[in-house]
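Pull up the model and turn it around a few times before reading on. We'll take a walk through it, from the overall layout down to single residues.

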Amino acid sequence: MSKVVDITDRLKFEENPAIEIKGKKYEINADATTMIEVMGEVGDGENISPASISRLCSLIFTPKAQKDIEKLHLKFEDYSTVVECAIDLIAGGNEEELGE
């Protein structure tokens, strides 16, 4: 029989990261399937269309977070910033850099 290594304790099944805006946390879907779809949508990162921003938001934020973000009535530039910061976070970005 081949060697088997149990890595269950190294995995974070139930933990999703979140970003915070005005003291409220917005949960992000950080599963691998979502990240693969996000990378496919973003591509090289240049000229992301408004439709892509909307699709990315629906991919990366939980349904509750999406509704709560809609209630903020953000300007498009700010909405894009929220989506970009969330993508950076799930892609392994440094939380301190995101807060700048």
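What follows goes from the fold to the core, then to the helix packing, and ends with a few individual residues.

First, a word on what you're looking at: this is a predicted model. The protein chain is built from five helices and two strands. Trace the chain from the N terminus and the order of elements reads β-β-α-α-α-α-α, so both strands are behind you before the helices begin. Of the 100 residues in the chain, 27% count as buried. The accessible surface comes to about 7600 Å², and carbon and sulfur atoms hold 50% of that. As for how the chain folds back on itself, take the contacts between residues at least 6 apart in sequence: 54% of them join residues at least 24 apart.

Now look inside. Which residues of the largest nonpolar core touch the most other members? That core has 20 residues, and the best-connected ones are Ile19, Tyr26, Ile28, Val38, Ile60, Phe61 and Val83. At least two core residues come from each of β1 (18-21), α1 (32-42), α2 (50-60), α3 (63-70) and α4 (76-90). The top contributor is α4, which puts in six residues. Val38 is a handy place to start poking around: beyond residues up to four places away in sequence, Val38 touches Leu56, Leu59, Ile60 and Ile87.

Next, the helix packing, beginning with α1 and α2. These two pack at an angle of about 170 degrees, with their axes 10 Å apart. An angle over 145 degrees counts as roughly antiparallel, and that is why α1 and α2 get that description. On the α1 side, the residues that meet α2 are Thr34, Glu37, Val38, Glu41 and Val42. Their partners in α2 are Ser52, Arg55, Leu56, Leu59 and Ile60.

Helix α2 also packs with α4. What is the angle between the axes of α2 and α4? They cross at roughly 50 degrees and come within 10 Å, so this pair is oblique. The crossing of α2 and α4 is left-handed. From α2, the contact draws on Pro50, Ile53, Ser54, Leu56, Cys57 and Ile60. From α4, it takes in Phe76, Tyr79, Ser80, Val83, Ala86, Ile87 and Ile90. Notice that Leu56 and Ile60 of α2 turn up here as well as in the contact with α1.

Two buried residues are worth zooming in on. Thr34 sits in helix α1, and with a relative accessible area of 9%, Thr34 counts as buried. Setting aside neighbours within four places in sequence, Thr34 is in contact with Asn29, Leu59 and Ile60. Thr34 and Ile60 are 26 residues apart along the chain, yet their C-alpha atoms are separated by 6.8 Å.

The other one is Ala86, in helix α4. Is Ala86 buried or exposed? Its relative accessible area is 0%, so Ala86 is buried. Again leaving out neighbours within four places, the contacts of Ala86 are Ile19, Ile28, Ile60 and Phe61. Those four names should ring a bell, since Ile19, Ile28, Ile60 and Phe61 are among the core residues that touch the most other members. Ala86 also lies 7.8 Å from Ala18, C-alpha to C-alpha, although 68 residues separate the two in sequence.

Finally, have a look at the backbone in two loops. Most residues other than glycine have a negative phi. Which way does Lys22 go, positive or negative? Lys22 has a positive phi, near 50 degrees. You'll find Lys22 in the loop between β1 and β2 (24-27), and at 81% relative accessibility Lys22 counts as exposed. His73 likewise has a positive phi, of about 50 degrees, without being a glycine. The place to look for His73 is the loop between α3 and α4. At 70% relative accessibility, His73 counts as exposed.

Definitions and conventions. Residues are numbered from 1 along each chain as its sequence is written. This is a predicted model: local features need pLDDT of at least 70, side-chain atom pairs count only at pLDDT 80 or more; totals for chains, interfaces and linings use all residues. Side-chain values use heavy atoms; hydrogens and water are left out. A nonpolar core is a set of buried Ala, Val, Leu, Ile, Met, Phe, Trp, Tyr and Cys residues joined through side-chain atoms within 4.5 Å. Buried means under 20% relative accessible area, exposed over 50%, partly exposed in between (1.4 Å probe, protein chains only). Helices (H or I, at least four residues) and strands (E, at least two) are DSSP runs, numbered from the N terminus. Contact means heavy atoms within 4.5 Å. Accessible areas come from the Shrake-Rupley method with a 1.4 Å probe; for residues, only the protein chains shown count as cover. Axes are lines fitted to C-alpha atoms, for helices over the stretch in contact, and angles run from 0 to 180 degrees between N-to-C directions. Angles under 35 degrees count as roughly parallel, over 145 as roughly antiparallel, 65 to 115 as roughly perpendicular and the rest as oblique. A crossing is left-handed if the near helix is turned anticlockwise from the far one by less than a right angle, and right-handed if clockwise.
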